Amino acid sequence: MSKTINNVVCPICGCLCDDLEVTIENNEIVKMKNGCAVCEAKMVHGYKSEERILKPMIRKDGKLVSVSIDEAVKKAAQILTDAKYPLLFGWSSTVGEAQRIGVELAEELGATLDNCCSVCHGPSVMATQEIGIPAATLGQIRHRADLIVYWACNPWASHPRHVERYTAFTDGRFEGSEWKNYLQKLKADSGRKKIEMASKRIARVEPPIKPQVCFTGPPPPMLEHKPGRKMIVVDVRKTMTAEVADYFLQIEPNRDYDVIEALRCLVTDQELDVDKVGGIPVDTLRDVADAMMNCEFGVIYFGLGMTQSLGRFRNIEIAIALARDLNRKTKFIISPMRGHFNVTGANTVFAWQTGYPFALDFSQGYPQFNPGENTAVDLLKRGDNDATLIISADPAAHFPSVIMQNMLKHPLITINPDMNAISRLGDVVFPTQWCGIEYSGTAYRMDAVPITLKKVVEAPPGILTDEELLIRILEEVRAIKIKRGEPVGQTEAKFTHPNTTKTPPVNTAQKKPKRATKKKVA
Amino acid sequence: MVTLTAIRTFNIPIQAPCITPENFADKTIAELKKLPLTEGNRNVTLGDLFKIEQSPTETPNIILNGDLSKVKRVGQAMKSGEIVINGNIGMHTGEKMAGGKIVVNGNAGGWTGSEMKKGAIEIHGDGGDYIASPYRGNDLGMKGGLITIDGNVGTDVGCHLKGGIIKIKGSAGRFLGYHMTDGVIYVEKDCDVRAGACMTGGKIVIGGALEILPSFTIDSVKPKVKVDDSTNIVGPFYVFLGDRSERGVGKIFANKVANPALKFYEKYL
């Protein structure tokens with residue numbers, strides 16, 4: 001028997017699209033509507049992977065052996081309490097409720113606590129601390145933004161529904177969709193290409209090899225006079241998003257800071273001594289600055305091309321300063337394109353619990369914050385820690401090899417639903433449920449709006465959620481500390497999340513009274 | 001004088017804000033051994049980690065021996081006296097220092113001399129990142145004193161500098177003197193990109209090659225520049241004013257001989 005669940009939230013990227021229609025047969029997702037290709041890959045196929053871990057495992061004589069959950073929890077708690085400087089890393093692909101227990105565990109252990117944002121949008125958070133941020137929710141941008149700048153990001157591949165749901169291709173209350181214009185442009189482009197190909201075939205001329213880095217020329221007049229929404233893409237190469245855009249600005253790699261600095265000077269009506277900045281003529285930059293100043297509601301979305309290239313958080317700081325300067329002339333917003341679906345939540349929960357969003361050190365008994373000192377990559381590069389717990393992340397697939405070598409010198413505990421690269425290397429390997437598919441919880445969208453993820457199917461028997469598992473480990477850690485005669489903390493009463501798949505009972509007594517209609521006066 | 005020698009190699013970070021001349025004054029060896037430190041998340045004492053010897057000589061007050069690159073916060077908020085470190089030292093050395101002197105015969109970690117107000121730090125090796133810079137989200141840069149570094153330094157040195165002098169005999173990383181409002185930074189060799197970004201005052205003197213941000217404008221060419229009362233550096237130097245995006249009037253002195261790429265600016269003079 002199949003059933004369909006509406007308004008399911010997608011647990012993939014920071015967009016957290018909440019309009020999916022999921023069809024379930026025999027406790028399996030078989031069909032999905034409205035989702036992007038990335039979403040379908042995880043929600044229809046990925047979560048049923050053959051690599052699913054079904055039992056906890058411990059490494060004995062170099063091989064992973066299945067054990068009971070109690071034994072694995074005891075072993076993990078022993079490793080963590082024996083360590084002098086453990087690191088708890090991951091957190092961005094799990095729900096806020098589990099992250100909260102994670103902070104408690106880190107405090108109890110005197111551990112270092114870091115989340116995935118230290119290798120993605122951590123610089124954005126640091127820049128926000130330095131200078132502040134003019135922000136808005138995605139709904140505001142959907143209804144009002146008439147100039148959208150995508151800087152060093154490629155939402156067409158990383159956030160496939162961002163353009164369609166929130167920016168250029170969506171019908172807002174005050175701004176229309178540019179979808180039809182784009183289709184017309186696409187048709188014209190393909191027609192032009194066909195004619196070119198045909199003429200080449202007739203002339204039998206070898207096509208010239210285009211240089212890899214090419215400047216796309218001055219902005220078309222449509223940037224200034226085009227009605228409706230405008231979209232500018234700034235990147236180091238022509239991405240799929242750039243092909244959709246009204247104007248594409250190709251800058252030299254690692255020159256984002258210089259280009260934004262030049263734009264800031266132009267926005268504040270100052271002359272520049274140089275002719276070109278980051279490979280772009282100053283006259284072109286002036287046109288872009290004019291387009292930015294003449295819009296009614298502009299927004300800059302920036303991606304990892306800016307946060308992880310030369311300059312890192314200084315790039316973001318200067319971009320926010322540009323938005324601040326533009327706000328003297330018009331309305332301008334700046335927002336990061338957060339990657340994992342709950343990486344914003346990791347920052348929010350950590351900040352709510354401790355005052356700091358990531359890179360925390362509890363070794364002194366109170367939280368100390370310092371990216372560069374307590375961030376996972378820097379810490380492991382120096383080889384400071386002596387035990388690691390990884391939850392809902394796969395650093396083995398993404399971290400530099402030196403760092404992984406240092407990590408593997410010491411015991412490693414992993415908590416992941418399937419056998420990814422890091423789980424294969426773990427000394428204690430825990431299985432867990434897929435959040436957003438097998439259990440519900442809270443996640444934060446890229447604009448820090450909390451959205452409740454839904455449970456759509458039942459998990460395999462015996463597998464705990466991240467939250468339940470962390471509570472078990474925390475209880476065991478406390479038991480060991482009490483045995484040693486050390487002081488321990490106390491947990492607040494456990495908050496149980498309501499199961500969102502159940503329809504709420506309809507209370508007929510509280511129905512809204514019908515609006516009284518005015519009687520016509522004769 | 002107290003000599004501390006590391007008993008073993010340290011693998012876990014140690015926080016040692018207790019190692020200051022004020023804290024060590026008039027204490028016997030037995031009392032010094034009981035001073036609290038942390039190794040990772042464990043509470044330990046100075047006697048657990050260091051061999052302590054006392055001698056009647058007055059200066060320097062404290063000598064530290066061994067590889068101490070994991071030992072953090074030595075000389076925190078010290079007001080007087082002298083610490084000599086024979087070996088590498090970890091992060092936050094001499095933070096919030098208000099007087100006295102620290103000599104490092106080795107390399108120093110990041111945030112050395114952070115939020116420093118007075119005194120002197122000498123590093124006879126390389127310096128890390130964020131030397132004399134404040135912590136995240138803070139604009140309390142170095143207000144006074146002198147930091148000299150014989151080797152190279154990392155990125156973001158002298159951010160939010162409000163006074164004092166930083167002299168670097170090697171080369172410097174990017175974002176040197178970011179957001180500085182006053183004070184002097186002198187680099188003898190090359191400097192990486194974006195020196196003086198967002199500066200609104202003060203002086204950066206670079207003896208080697210550098211790149212100038214588009215938001216700076218040329219002011220003049222000067223034959224020499226004064227770094228402090230006793231040091232004059234002979235040029236000639238291009239003088240750049242900026243950062244204009246912050247409406248700043250800070251000065252960058254770029255050596256004319258080492259920077260032929262900046263020659264095109266001469267047409268604006």
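What span should the 12 residues of helix H15 of chain A have at 1.5 Å a residue, and how far apart are its end C-alpha atoms? I took this up as the opening check on a model that is predicted. The expected span of H15(A), residues 343-354, is 16 Å, and its end C-alpha atoms lie 16 Å apart, which agrees.

**Entry 1: surroundings of H15(A)**

I listed the buried residues of H15(A) and found Val343(A), Thr344(A), Gly345(A), Ala346(A), Asn347(A), Val349(A) and Phe350(A). I then looked up their packing partners, which are helix H3 (96-109), strand E7 (112-115), H4, strand E15 (360-361) and strand E20 (441-444) of chain A. Just after the helix, I noted a positive phi of about 100 degrees at Gly355(A).

**Entry 2: domains of chain A**

I recorded the division of chain A into domain 1 (50-120 + 341-484) and domain 2 (123-336). Between the centres of the two domains, taken over C-alpha atoms, I noted 37 Å. Their contact draws 10 residues from domain 1 of chain A and nine residues from domain 2 of chain A. On the domain 1 side of this contact, I read seven nonpolar residues, one polar and two charged.

**Entry 3: helix H11 of chain A**

I turned next to H11(A), residues 256-267, whose 12 residues reach 16 Å from first C-alpha to last, close to the 16 Å expected at 1.5 Å a residue. Is this helix largely enclosed by the rest of the structure or largely open? I found 12 of its 12 residues buried, so H11(A) is largely enclosed. Its buried residues include Tyr257(A), Ile260(A), Leu263(A) and Leu266(A), and also Asp256(A), Asp258(A), Glu261(A) and Arg264(A). Within chain A, the buried residues of H11(A) pack against strand E11 (276-277), strand E12 (280-281), helix H12 (282-294), helix H13 (304-307) and helix H14 (313-326). Just after the helix, Asp269(A) takes a positive phi of about 55 degrees.

**Entry 4: Glu261(A)**

I singled out Glu261(A), which lies in H11(A). Why does Glu261(A) count as buried? I found 28 C-beta neighbours inside 10 Å, and the cut-off for a buried residue is 20 or more. I then looked up its contacts beyond four places in sequence, which are Ile318(A), Leu213(B), Pro214(B), Ser215(B) and Ser245(B). I also noted that the C-alpha atoms of Glu261(A) and Gly485(A) are separated by 58 Å, with their positions 224 residues apart along the chain.

**Entry 5: the contact of chains A and B**

I read 30 residues from chain A and 27 residues from chain B in the contact. Which element gives the most to the side of chain A that touches chain B? I found H11(A) in that place, with six residues. The elements that give two or more residues to this side are helix H4 (122-131) and H11 of chain A. I noted that the residues of this side divide into 11 nonpolar, nine polar and 10 charged.

**Entry 6: sheets**

In chain A, I traced an open sheet of five strands in the order E10-E9-E8-E13-E14, with parallel pairing. Its edge strands are E10 (247-250) and E14 (331-336). Neighbouring strands of the sheet are turned by 15 degrees against each other on average, direction ignored. I looked at one pair, E8 (147-151) and E13 (297-302), which are parallel over five bridges. Here Tyr150(A) stands opposite Tyr301(A). I also noted that H14(A) packs on the sheet, touching E8, E13 and E14 of chain A, with its direction at about 160 degrees to that of E14(A).

In chain B, I found an open sheet of four strands, E4-E3-E2-E7, with mixed pairing. E4 (42-45) and E7 (71-72) are the edge strands. Two bridges join the antiparallel strands E2 (14-15) and E3 (36-39), and Ile14(B) has Glu39(B) as its bridge partner.

**Entry 7: backbone exceptions**

Most residues other than glycine have a negative phi, and most peptide bonds are trans. I therefore listed the exceptions that follow.

- The bond from Thr59(B) to Pro60(B) is cis, with omega near -10 degrees; Pro60(B) lies in the loop between E5 (50-54) and E6 (62-65) of chain B.
- A cis bond joins Gly242(B) and Asp243(B), with omega about 0 degrees.
- Leu16(A) has a positive phi of about 45 degrees and is buried, with 25 other C-beta atoms within 10 Å.
- Ala77(B) has phi near 55 degrees and counts as partly exposed, with 16 C-beta neighbours inside 10 Å.

Notes. Residues numbered from 1 in each chain as written. Chains lettered and ligands numbered in written order. Predicted model: local features only at pLDDT ≥ 70, side-chain atom pairs only at ≥ 80, totals over all residues. Expected span 1.5 Å × (residues − 1). Contact = placed C-beta atoms within 7 Å. Domains from an automatic or database assignment. Nonpolar A, V, L, I, M, F, W, Y, C, P; charged D, E, K, R; others polar. Pairing = 2+ DSSP bridges. Axes fitted to C-alpha atoms, helices over the stretch in contact; angles between N-to-C directions.
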